[in-house]
Amino acid sequence: MVHEWALAEGVCKYVASVAKGKRLRRVRIALGELQSIDENVFRFALTELLKTQGFEVDEDVVEFVARYAVLQCRRCGHSWGLGETGLSEEEREAVHFIPEVIHAYTSCPKCGSRDFEVVEGRSVEILEVLWDDSVEDAIT
Amino acid sequence: MTQWKTLSRDPRRLVIEERLKSVRRVVPVMSPKGGVGKTVMSALTALTLAEKGLRIGILDLDVTNPSIHLALGVDSRLKPSEERGVIPPEVWGVRVMSVAYYSEGNPLPLRGFELVDVVREVLAITVWGALDYLIVDTPPGMSDVFMEVLNNVRRVEPLVVTTPSPLSLKPVKSLLKILREVGVPVLGLVENMSDRPSEHVLSLCREYGVRYLGNVPNDPFLNASVGDVDTMRRTQAFRRVEELLRAQELLR
Ligand SMILES: Nc1ncnc2c1ncn2[C@@H]1O[C@H](COP(=O)(O)OP(=O)(O)O)[C@@H](O)[C@H]1O
Ligand SMILES: [Mg+2]
Ligand SMILES: [Zn+2]
């Protein structure tokens with residue numbers, strides 16, 4: 001699952017765009033269950049990429065928050081998790097590239113609709129970038 | 001409700017440019033009307049350009065109804081490989097990227113903002129490498145995907161397809177108007193399923209200063225050949241597209 005690198009590149013570009021030349025304290029990132037990101041690969045990729053942008057990256061700078069997937073039906077309101085979908089290994093693999101293809105493999109367990117929303121846990125999201133003593137960009 | 005991510009904070013948008021850095025020209029094939037031949041034109045154009053030795057990619061952004069893989073007869077066992085992103089497999093000399101690799105022929109109904117996510121995701125993870133042309137097959141309508149292409153991809157040069165029918169031409173006029181408003185240069189217009197150039201198509205081109213590439217006749221053998229590239233190459237439609245591209249010096 002080397003596409004972690006592609007996603008890390010976006011995060012790195014964002015960090016560089018807000019904190020270039022600064023000393024990084026923390027980069028906090030939410031990892032959505034649907035993208036099944038390998039934390040170690042992602043951390044390694046992001047750290048390496050940040051170094052190429054001139055950042056010093058201490059051990060504890062990159063922090064992950066796991067976000068479980070919450071699916072909610074737009075037709076009947078029922079809400080459920082990834083565990084209940086019974087997706088196969090290959091289907092999970094497909095979903096990890098393009099999370100929206102989950103609509104190709106599962107539907108609401110209550111009413112059968114594919115018109116459900118991924119309320120939480122879709123993808124990689126930047127929550128916070130902190131540098132020096134300044135706090136910037138706290139979103140959650 | 002899903003929140004719209006502010007543009008600068010969506011990390012994917014920042015890598016899209018990087019991914020397209022070595023792509024010389026991006027040509028979305030557009031027409032607001034369905035069934036006028038966008039997919040066929042995308043496929044024939046890509047095949048023709050690749051045959052001439054150019055480095056070609058094709059991206060199917062008709063996400064809920066992907067069909068480029070069908071038109072090109074892409075083996076359903078083929079999948080992109082992974083190397084710091086996703087590398088599309090090459091078919092007939094064309095690097096083909098489609099959500100169909102991941103939806104596997106299942107129905108994929110999506111809301112507009114979900115389409116936005118798909119478009120950004122695909123553009124952000126696909127590693128094209130060096131290309132002369134990236135042909136983008138687009139869905140009908142002037143909605144989410146259309147706007148994502150215009151907003152996220154720099155330097156697009158749409159190829160506009162129409163039939164002579166007023167039902168196609170009217171929406172195409174709106175399209176040309178919008179493209180002009182945002183300063184997007186049109187590569188040219190193809191009049192498809194038409195035995196001869198129509199006066200009202202020509203006059204629309206004059207009005208908008210758009211290059212009229214030519215007409216492609218209605219070819220009764222085309223449908224039967226779809227998915228079988230060798231047979232498709234022998235159709236009149238294919239030869240005609242080749243002719244138009246050569247005449248317009250797009251083959252470089
Ligand atoms: N020049 C042509 N001659 C005959 N059939 C054509 C021609 N161009 C397109 N078609 C057929 O018309 C239908 C619609 O074409 P398609 O490319 O799918 O349109 P779009 O992508 O604009 O919706 C398809 O069945 C296609 O094979
Ligand atoms: Mg089409
Ligand atoms: Zn339901």
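## A tour from the zinc site to the chain contact

Select A:Cys108 to begin: in this predicted model it is buried, with a relative accessible area of 3%. Add A:Cys111, which at a relative accessible area of 27% is partly exposed. Now show the zinc ion (ligand 3) and the sulfur atoms around it: its protein donors are the SG atoms of A:Cys73, A:Cys76, A:Cys108 and A:Cys111, which lie 2.3 to 2.4 Å from the ion. The angles that these four donor atoms subtend run from 104 to 117°, and the arrangement is therefore tetrahedral. If you follow the chain through the site, the donors show the spacing C-x2-C-x31-C-x2-C.

Next, select A:Glu91, which belongs to helix 3 (residues 89–97) of chain A and is partly exposed at 23% relative accessibility. Leaving aside residues up to four places away in sequence, A:Glu91 touches A:Gly86 and A:Tyr105. For a sense of scale, draw a distance from its C-alpha atom to that of A:Tyr14: the two atoms are separated by 30 Å, and the residues are 77 apart along the chain.

Now colour the two chains separately and turn to the contact, to which chain A gives 32 residues and chain B gives 32 residues. Together the chains bury about 2900 Å², of which 60% is on carbon and sulfur atoms. Select A:Phe97, A:Ile98 and A:Glu100, since these supply 18% of the area that chain A buries against chain B, more than any other three residues.

Six salt bridges are counted between chain A and chain B. To see a salt bridge between the chains, select B:Glu114 and A:Arg74, whose side chains meet with an N to O distance of 3.0 Å. Widen the selection to A:Asp115, A:Glu117 and B:Arg111, and you have a network of salt bridges that links these three with A:Arg74 and B:Glu114.

Move to helix 1 (residues 11–19) of chain B, where the buried residues are B:Pro11, B:Arg12, B:Val15, B:Ile16 and B:Arg19. Look down the helix axis: these buried residues fall within an arc of 140°, so they line one face of the helix. In chain A they pack against helix 1 (4–19) and strand 6 (124–131), and in chain B against strand 1 (23–30), helix 5 (112–125) and helix 6 (144–152).

Keep B:Arg12 selected and add B:Asp117, with which B:Arg12 forms a salt bridge whose closest N and O atoms are 2.7 Å apart. This pair links distant parts of the chain, with B:Arg12 in helix 1 and B:Asp117 in helix 5 of chain B, 105 residues apart. B:Arg12 counts as buried at 8% relative accessibility, and B:Asp117 is buried with a relative accessible area of 8%.

Return to chain A for the salt bridge of A:Glu128 with A:Arg28, where the closest N and O atoms are 3.0 Å apart. Here too distant parts of the chain are linked, since A:Glu128 is in strand 6 and A:Arg28 in strand 1 (residues 24–32) of chain A, 100 residues apart. A:Glu128 counts as buried at 10% relative accessibility, and A:Arg28 counts as buried at 17%.

Finish in the loops of chain B. Select B:Trp92, between strand 5 (90–91) and strand 6 (94–98), and check its backbone: phi is positive, about 55°, although the residue is not a glycine. Most residues other than glycine have a negative phi. B:Met193, in the loop between strand 9 (188–192) and helix 8 (199–208) of chain B, likewise has a positive phi of about 55°.

Note on methods
Residues numbered from 1 in each chain as written. Chains lettered and ligands numbered in written order. Predicted model: local features only at pLDDT ≥ 70, side-chain atom pairs only at ≥ 80, totals over all residues. Heavy atoms only, no water. Buried < 20%, exposed > 50% of the residue type's maximum accessible area, 1.4 Å probe, protein only. Helix = DSSP H or I, 4+ residues; strand = E, 2+ residues; numbered from the N terminus. Arc of directions from axis to C-beta. Contact = heavy atoms within 4.5 Å. Donors = N, O, S within 2.8 Å, 3.2 Å for Na, K, Ca; no water. Tetrahedral: all angles 85-135°; square planar, octahedral: opposite > 155°, others 65-115°. Buried area = accessible area lost by both parts, 1.4 Å probe. Salt bridge = Lys/Arg side-chain N within 4 Å of Asp/Glu carboxyl O.
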